[in-house]
Amino acid sequence: MQSQSTDAQAATTLFSDVQKCLTDEQGTIEEIRLRVREMEQVCREIYAVLQSIHQCGTSEITDVCHKAAPQFAKIQDQLKQLESLIPANSYYKYHDRWKAIIQRIVFLTTLAHYLITGKLLSRSELSKQLGSKFV
């Protein structure tokens with residue numbers, strides 16, 4: 001009889017630990033989702049600014065790209081916040097949740113850099129420019 005109650009307590013403890021881990025993971029996922037939504041909003045703002053390159057003359061393209069600089073600064077801050085949410089050794093556990101937005105950020109950053117300088121960015125230059133190890 002004593003053995004059965006000890007086994008039941010062990011099972012209850014085990015399942016409560018598992019439930020705590022799942023709850024913590026869900027909280028992390030929710031925080032990541034919020035950060036990704038914020039980055040998507042800033043990317044839409046950058047798209048809106050850069051969209052005007054199709055209507056302006058070639059001499060104004062650089063000015064248009066420089067108008068997006070404040071939004072790129074926001075992206076840098078948001079990437080740092082996102083990086084701080086990811087537990088050690090868990091990059092691939094959560095990376096599906098932000099990989100699409102990172103692709104858009106890389107595209108926009110590379111496009112703006114190319115339009116300003118006429119050169120493509122390397123991966124290391126891009127990572128340095130965005131201040132993120134995710135890129």
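The questions and answers below concern a predicted model of one protein chain.

Q: What makes the pattern of the protein chain, read along the sequence, one of helices and strands or of helices alone?
A: The protein chain has six helices and zero strands, and, read along the sequence, its pattern is therefore written α-α-α-α-α-α, given that helices and strands are taken from DSSP runs.

Q: Why is the protein chain called more spread out than a compact globule?
A: The globule rule gives 14 Å for 135 residues, whereas the radius of gyration of the protein chain is 22 Å, which is well over that value, so the chain counts as more spread out than a compact globule. The box that the C-alpha atoms fill, taken along the principal axes, is roughly 85 × 25 × 20 Å. Of the 135 residues, 32% count as buried, and the accessible surface of the protein chain comes to about 8900 Å², with 54% of it belonging to carbon and sulfur atoms.

Q: Why is tyrosine 91 called partly exposed?
A: Tyrosine 91 has a relative accessibility of 29%, and because buried means under 20% and exposed means over 50%, this value falls in between and the residue counts as partly exposed.

Q: What makes the pair of tyrosine 91 and tyrosine 92 edge-to-face?
A: The ring centres of tyrosine 91 and tyrosine 92 are 4.8 Å apart, which is within the 6.5 Å needed for a pair, and the planes stand at 85 degrees, which is over 60, so the pair is edge-to-face. Tyrosine 92 itself is exposed, because its relative accessible area of 66% is over 50%.

Q: How do you know that tyrosine 91 and tryptophan 98 also form an aromatic pair, and what kind is it?
A: Their centres are 5.5 Å apart, within the limit of 6.5 Å, and the angle between the planes is 65 degrees, over the 60 that edge-to-face requires, so this pair too is edge-to-face. The count comes to two aromatic pairs, and ring pairs link Tyr91, Tyr92 and Trp98 into a cluster.

Q: Why is tryptophan 98 called buried or exposed?
A: The relative accessible area of tryptophan 98 is 2%, and because this is under 20% the residue counts as buried.

Q: How do you know whether phenylalanine 134 is buried or exposed, and what is it in contact with?
A: Phenylalanine 134 has a relative accessible area of 8%, which is under 20%, so it counts as buried. This residue is found in the segment after helix H6 (123-130), and, leaving aside neighbours within four places in sequence, phenylalanine 134 is in contact with Leu82, Glu83, Ile86, Tyr91, Trp98 and Ile102. Phenylalanine 134 and arginine 97, which are 37 residues apart in sequence, are 13 Å apart in space, C-alpha to C-alpha.

Q: What makes the phi of asparagine 89 worth a remark?
A: Most residues other than glycine have a negative phi. Asparagine 89 is a residue other than glycine, yet its phi is positive, near 60 degrees. Asparagine 89 lies in the loop between helix H3 (69-85) and helix H4 (91-94), and because its relative accessibility of 84% is over 50%, it counts as exposed.

Q: Why is alanine 73 called partly exposed?
A: Alanine 73, whose place is in helix H3, has a relative accessibility of 33%, and because this lies between 20% and 50% the residue counts as partly exposed. The C-alpha atoms of alanine 73 and glycine 131 are separated by 9.8 Å, although the two are 58 residues apart along the chain.

Methods:
Residues numbered from 1 in each chain as written. Predicted model: local features only at pLDDT ≥ 70, side-chain atom pairs only at ≥ 80, totals over all residues. Heavy atoms only, no water. Helix = DSSP H or I, 4+ residues; strand = E, 2+ residues; numbered from the N terminus. Rg over C-alpha atoms; globule rule 2.2 N^0.38 Å. Buried < 20%, exposed > 50% of the residue type's maximum accessible area, 1.4 Å probe, protein only. Areas by Shrake-Rupley, 256 points an atom, 1.4 Å probe, with all protein chains shown as cover. Phe/Tyr/Trp six-rings, centres within 6.5 Å; stacked < 30°, edge-to-face > 60°. Contact = heavy atoms within 4.5 Å.
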